Amino acid sequence: MTWTKNVLRVNLTTGTCTAEPLKMEWAQQYLGQRGLATKYLVAETDPKVDPLSPENKMIFATGPLTGTPTATGGRYSVITKGPLTGTIACSNSGGYFGAELKFAGWDMVIFEGRSPKPVYLLIEDDQAKLLDAAHLWGKTCWETEETIKKHHQDPQIRVASIGRTGENGVLFAGIVNDLHRAAGRSGVGAVMGSKNLKAVAVRGTKTDAYRPADPDAFAKAVAAGKVILAANGVTGQGLPTYGTQVLVNVINESGAFPTRNGRDIQFEGARAISGEAMHEKRPTDGKANLLTNSACFGCTIGCGRISKMDPNHFSIKDKPQYRGASAGVEYEAAWALGAATGVADLETLTYANFLCNEDGMDPITLGSTIGAAMELYELGILTKEETGLEMPFGSAEAVVKLAEWTATGEGFGKVIALGSKRLCAKYGRPELSMSVKGQEFPAYDGRGLQGMALEYATSNRGACHVRGYMVSPEVLGIPVKMDPEATEGKAPMLKAFQDLTAVVDSAGICLFTTFAWSATDIQSQIQAACVGDWSLEKLLLMGERIWNLEREYNNAAGFTAKDDTLPPRMLTEPAKTGPHKGKVAELGKMLPEYYQVRGWTPEGVPTPETLVRLGL
Amino acid sequence: MKATLKLFATLSKYLPAEARKTSCIDLELATGTTLLELIAQYRIPPDLCALMLVNGVFIPPGDRVTRILSEGDTVAIWPPVGGG
């Protein structure tokens with residue numbers, strides 16, 4: 001259906017739901033999802049707004065390929081100002097919710113204001129209404145989804161909800177849809193909670209609304225795309241078999257696996273928490289952690305992990321509700337909950353990951369924040385009296401307890417809920433937060449991968465790996481191999497990756513397609529689906545436009561070039577082991593060139609010429 | 001000379017059964033053994049060796065024929081993989 005051309009505006013303060021036409025002139029400039037919703041957010045809100053105030057807005061947005069037969073065409077994003085960072089936030093999720101929103105006939109839903117009491121939004125095709133959520137408040141995402149489906153007697157309703165973390169203002173609360181897919185990063189769930197919005201429930205039946213601009217060309221482009229994904233070693237075999245978790249050993253062997261809050265760069269327990277380990281029979285019960293893989297709407301890759309825990313593991317001995325199959329750890333979660341904390345027990349990580357899905361927590365920030373707290377504990381700055389438990393690096397018990405407390409809002413979990421930047425500042429050691437602009441960096445160490453260092457420093461939503469993914473050229477050799485230690489050539493490559501990623505995130509498809517699809521493979525599907533000229537040149541210019549629009553928003557919010565930096569540990573403490581032993585992140589060698597290739601001033605501000613060239 | 005071979009993901013099956021749990025085996029190699037000769041020794045199809053590291057450093061496909069292994073080297077090999 002590409003664009004439905006319908007926007008649903010929900011004013012939570014007044015309780016009204018209003019349909020309005022999509023601004024097609026903006027759609028032609030920003031495509032959809034990340035780009036288009038950013039344009040709406042920038043046009044409608046003050047960048048200096050308090051993220052948790054009624055004046056902030058939150059947009060659920062699909063792309064034109066969401067809900068179409070395009071492989072992986074099931075994505076949606078949540079765009080708002082993020083409370084963890086104060087930057088623009090854009091969190092992308094898979095599952096089936098995004099396609100259902102499209103089938104109901106909506107490109108996006110804009111939430112504004114704050115409801116005086118807890119509510120949830122029910123969308124049934126054209127009909128949308130806010131319903132009382134008093135009975136849902138205090139429930140987990142899993143309970144909320146089940147309760148809504150039962151209440152409306154419709155198992156096919158798709159639900160995106162917040163757990164107790166979103167209600168409690170955990171600054172890295174996510175929004176969970178379809179039980180275990182999540183708009184996970186930057187605290188978008190806390191924004192939803194601040195609006196007293198518990199859930200969005202959607203049932204869409206407009207399957208006849210799918211109308212690509214050129215149906216024959218679209219069918220051919222989609223079929224060709226699926227053949228490429230199936231034939232590619234990464235998307236056809238690697239990801240379905242091992243998931244993203246296959247990277248644990250790759251990145252650890254490459255010497256870029258941040259360990260124990262970045263004290264180390266390689267983890268001796270990596271093998272035990274890897275994708276390979278998930279396949280192996282446990283000595284305790286003779287069963288493997290991994291049951292099978294899973295896929296989101298329209299996906300022909302199927303990288304998702306479905307796991308079943310050892311029922312006798314200490315974390316769930318008295319909790320039978322966690323003994324069933326649920327979403328297992330993926331690479332970032334395994335790293336954060338494991339290597340960043342020094343815990344090499346796959347079952348512990350699986351349990352903590354279940355909790356992240358159950359109550360809506362970003363496992364990257366959760367694990368990284370626990371890792372930072374563990375370092376403070378080892379330094380004697382935090383004590384057992386203060387935290388309520390012993391928490392040295394490597395303590396599986398501490399990871400379990402802190403994940404539980406953060407989910408439920410108890411004890412020291414209230415401090416973990418702040419994220420590592422605020423936690424470390426609270427105890428007088430701000431430099432121990434492994435974050436950029438307040439968001440924790442994920443599972444790659446910038447001392448080993450210089451391009452990733454530059455990527456973390458310049459990402460518009462704080463440290464992030466899916467705003468460019470320089471791991472591809474620096475480790476995997478996709479599309480070309482680059483020396484991970486080199487600083488030369490990283491700035492232009494990163495710019496190209498960032499701009500292309502903005503296109504992918506605005507189309508409604510999954511970033512993982514780019515392991516196999518070229519920009520041209522994506523362009524041919526967008527061109528056939530969407531009315532208008534969608535040449536590769538126009539798309540890449542659009543990606544650059546989106547990047548600069550986000551940057552302008554952050555600059556207006558008060559961010560400057562001084563925020564484009566890394567934790568001191570990355571810049572001054574050399575890697576202790578591995579192929580990059582002795583290296584630090586050489587950001588100073590790359591950042592000026594990056595500003596230059598972006599057409600920004602040395603202060604990191606887009607020049608007037610750049611803004612004119614991009615139509616901003 | 002001593003060296004270590006690590007085979008990951010679907011390449012694990014080319015390791016002896018007892019080594020699969022660790023993905024790793026210690027080797028005694030003849031001096032002058034090249035990467036390509038090592039791959040052949042373990043009957044690993046070269047076209048499945050998408051990513052090869054020696055001591056954590058990437059070895060371009062074109063260098064595998066000529067790269068001679070040294071005492072204490074660790075070779076790690078993967079089929080096509082990706083993630084994020």
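Two strands are said to pair if DSSP finds at least two bridges between them, and that criterion underlies the strand partnerships visited on this tour. The structure in the viewer is a predicted model.

**Strand S9 and its two partners**

Begin by selecting strand S9 of chain A, residues 158–161. Its side chains alternate in direction, with Arg158(A) and Ala160(A) pointing one way and Val159(A) and Ser161(A) the other way, and all of these residues are buried. Now add strand S12, residues 197–203 of chain A, which pairs with S9(A) in the antiparallel sense over four bridges; if you label Ala160(A), you will find that its bridge partner in S12(A) is Val200(A). Next add S10(A), which also pairs with S9(A) in the antiparallel sense, here over two bridges, and look across from Ser161(A) to Val176(A), the residue that stands opposite in S10(A).

**Strand S4 between S3 and S5**

Move to strand S4 of chain A, residues 76–81, where six of the six residues are buried, so the strand is largely enclosed by the rest of the structure. With side chains displayed, Tyr76(A), Val78(A) and Thr80(A) point one way from S4(A), whereas Ser77(A), Ile79(A) and Lys81(A) point the other way.

Then select strand S3, residues 58–62 of chain A, which pairs with S4(A) in the antiparallel sense over five bridges; the bridge partner of Met58(A) in S4(A) is Thr80(A). Strand S5, residues 88–93 of chain A, pairs with S4(A) as well, in the antiparallel sense and over six bridges, and here Ser77(A) stands opposite Asn92(A) in S5(A). The hairpin of S4(A) and S5(A) has six residues between the strands, and within this hairpin Gly86(A) takes a positive phi near 80°.

**From domain 1 to domain 2**

Zoom out and colour chain A by its three domains: domain 1 covers 6–209, domain 2 covers 259–433 and domain 3 covers 450–613. The C-alpha centres of domain 1 and domain 2 of chain A lie 27 Å apart, and 34 residues of domain 1 are in contact with 24 residues of domain 2. To see what domain 1 of chain A brings to this boundary, select helix H4 (141–151), helix H5 (164–168), strand S10 (175–177) and strand S11 (181–183), the elements that each give two or more residues to the side touching domain 2. Among these, H5(A) gives the most, with four residues. Coloured by class, that side of domain 1 of chain A shows 16 nonpolar, 15 polar and three charged residues.

**A helix pair, H20 and H21**

Now select helix H20 (residues 490–507) and helix H21 (residues 519–529) of chain A, which pack at an angle of about 35° with their axes 12 Å apart. The crossing of H20(A) and H21(A) is left-handed. On H20(A) the contact is made by Leu500(A), Val503(A), Val504(A) and Ala507(A), and on H21(A) by Ala519(A), Ile522(A) and Ile526(A). By class, this contact has seven nonpolar, no polar and no charged residues.

**The boundary with chain B**

Finish by displaying chain B beside chain A, where 29 residues of chain A are in contact with 23 residues of chain B. On the chain A side, helix H8 (233–242) and helix H9 (247–253) each supply at least two residues, and H8(A) gives the most, with seven residues. The side of chain A that touches chain B has, by class, 14 nonpolar, 10 polar and five charged residues.

Methods. Residues are numbered from 1 along each chain as its sequence is written. Chains are lettered from A and ligands numbered from 1 in the order in which they are written. This is a predicted model: local features need pLDDT of at least 70, side-chain atom pairs count only at pLDDT 80 or more; totals for chains, interfaces and linings use all residues. Domain bounds come from an automatic or database domain assignment. Two residues are in contact if their C-beta atoms, placed from the backbone, lie within 7 Å. Ala, Val, Leu, Ile, Met, Phe, Trp, Tyr, Cys and Pro count as nonpolar, Asp, Glu, Lys and Arg as charged, and the others, Gly among them, as polar. Axes are lines fitted to C-alpha atoms, for helices over the stretch in contact, and angles run from 0 to 180 degrees between N-to-C directions. A crossing is left-handed if the near helix is turned anticlockwise from the far one by less than a right angle, and right-handed if clockwise. A residue is buried if 20 or more other C-beta atoms lie within 10 Å of its own, exposed if 12 or fewer, and partly exposed in between; C-beta atoms are placed from the backbone.
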